[in-house]
Amino acid sequence: MTVETADEVLSSGEDRMKKSIDSLKTDFKSIRTGRANPQLLDRVEVDYYGTPTPLKGMANISTPDGRSLLIQPYDKTTIKEIEKAINKAELGLTPNSDGNVIRITIPALTEDRRKDLNKQVKKVGEDAKVSVRNVRRDCDQELKKFKDKGVSEDELKRKGDALQKMTDKYISEVDKAIKDKEAEIMEI
């Protein structure tokens, strides 16, 4: 990372922290909440003529109601492969095919499953916090290098304080995302 100024260090750090938050939100979308959501299948890859292909590129995925997903493959001959890929993804979902479309009914979550999902949410959230803190550490090390380049200690202190405020802001975003996801999981 070649950086010219302390401000660029902070700007670069903020970009990396934003990416951590974006990654967290993407990870949360794949955690099942009991409601039908096409993003549950975002990570499913189908073996399409020997090439792993994302399911969303091979089929139209819709939610006809709040508890089911409807998958309409563009190529009907891939239905069996799509079913295999969904089962292999271990999402806890059972695909049912009528030869033209695949229907997936999202089962209601049990209390134990909700608790397990909340633990998973907390772990993913903690990983995001670690990522944000790692960015802060990296930026702090970069800022310390400016001491040798003639930047005053007062200026470095101000930049360090700004870095800490930025870190606190993104950590609180992670906490809010965790809280929102847990509430979504616990609602009936």
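**Exercise 1. The sheet**

In which sense do β4 and strand β6 (residues 102-105) pair, and over how many bridges? Describe also the sheet that contains both strands.

*Solution.* The model is a predicted one, in which local features need pLDDT of at least 70 and side-chain atom pairs count only at pLDDT 80 or more, while totals for chains, interfaces and linings use all residues. Residues are numbered from 1 along each chain as its sequence is written, and side-chain values use heavy atoms, with hydrogens and water left out.

Step 1. β4 and β6 pair in the antiparallel sense over 4 bridges, where strands (E, at least two residues) and helices (H or I, at least four) are DSSP runs numbered from the N terminus, and two strands count as paired if DSSP finds at least two bridges between them. Within this pair, S68 stands opposite T105 in β6.

Step 2. On the β3 side, β3 and β4 pair in the antiparallel sense over 5 bridges, and these two strands form a hairpin with 2 residues between them. A59 stands opposite P73 in β4, and D65 has S68 as its bridge partner in β4.

Step 3. The open sheet of 4 strands therefore reads β3-β4-β6-β5, with antiparallel pairing. Its edge strands are β3 (59-65) and β5 (95-97), each of which pairs on one side only, and the twist averages 25° from one strand to the next.

Step 4. Helix α2 packs on the sheet, touching β4, β5 and β6 (contact means heavy atoms within 4.5 Å), and the direction of α2 makes about 165° with that of β5; angles run from 0 to 180 degrees between N-to-C directions, and axes are lines fitted to C-alpha atoms, for helices over the stretch in contact.

Step 5. Of the 6 residues of β4, 5 are buried, so β4 is largely enclosed by the rest of the structure; buried means under 20% relative accessible area, exposed over 50%, and partly exposed in between, with a 1.4 Å probe and protein chains only.

**Exercise 2. Two residues beside the sheet**

Are T78 and E83 buried or exposed, and which residues do T78 and E83 touch?

*Solution.* Step 1. T78 lies in the loop between β4 (68-73) and α2 (79-88), and T78 is buried, with a relative accessible area of 4%. Not counting residues up to four places away in sequence, T78 touches Y48, M58 and P73.

Step 2. E83, which is found in helix α2, is buried with a relative accessible area of 13%. With residues up to four places away in sequence again not counted, E83 touches P95, N96, S97 and I102. E83 and I102 are 19 residues apart in sequence and 7.9 Å apart in space, C-alpha to C-alpha.

**Exercise 3. The helix packing**

How are α1 and α4 oriented to each other, and how are α3 and α4?

*Solution.* Step 1. Two packed helices are described by the angle between their axes and the distance between the axes. Helix α1 (residues 6-29) and helix α4 (residues 153-186) pack at an angle of about 5°, with their axes 11 Å apart, and are therefore roughly parallel to each other; angles under 35 degrees count as roughly parallel, over 145 as roughly antiparallel, 65 to 115 as roughly perpendicular and the rest as oblique.

Step 2. The residues that meet include L10, M17, L24 and F28 in α1 and L163, M166, V174 and A177 in α4. By class, the contact of α1 with α4 has 13 nonpolar, 2 polar and 7 charged residues, where Ala, Val, Leu, Ile, Met, Phe, Trp, Tyr, Cys and Pro count as nonpolar, Asp, Glu, Lys and Arg as charged, and the others, Gly among them, as polar.

Step 3. Helix α3 (residues 111-144) and α4 pack at an angle of about 170°, with their axes 10 Å apart, which makes α3 roughly antiparallel to α4. The residues of this contact divide into 14 nonpolar, 5 polar and 11 charged.

**Exercise 4. The nonpolar cores**

How many residues does the largest nonpolar core have, and which element supplies its largest share?

*Solution.* Step 1. A nonpolar core is a set of buried Ala, Val, Leu, Ile, Met, Phe, Trp, Tyr and Cys residues joined through side-chain atoms within 4.5 Å. The largest one has 27 residues, and those with the most contacts inside it are M17, L24, F28, L143 and L163.

Step 2. α1, α3 and α4 each supply at least two residues of this core, and its largest share, 9 residues, comes from α4.

Step 3. Leaving aside its neighbours within four places in sequence, L24 is in contact with V124, G125, A128, V174 and A177. A second, separate core of 19 residues includes L55, I79, A85 and I86.
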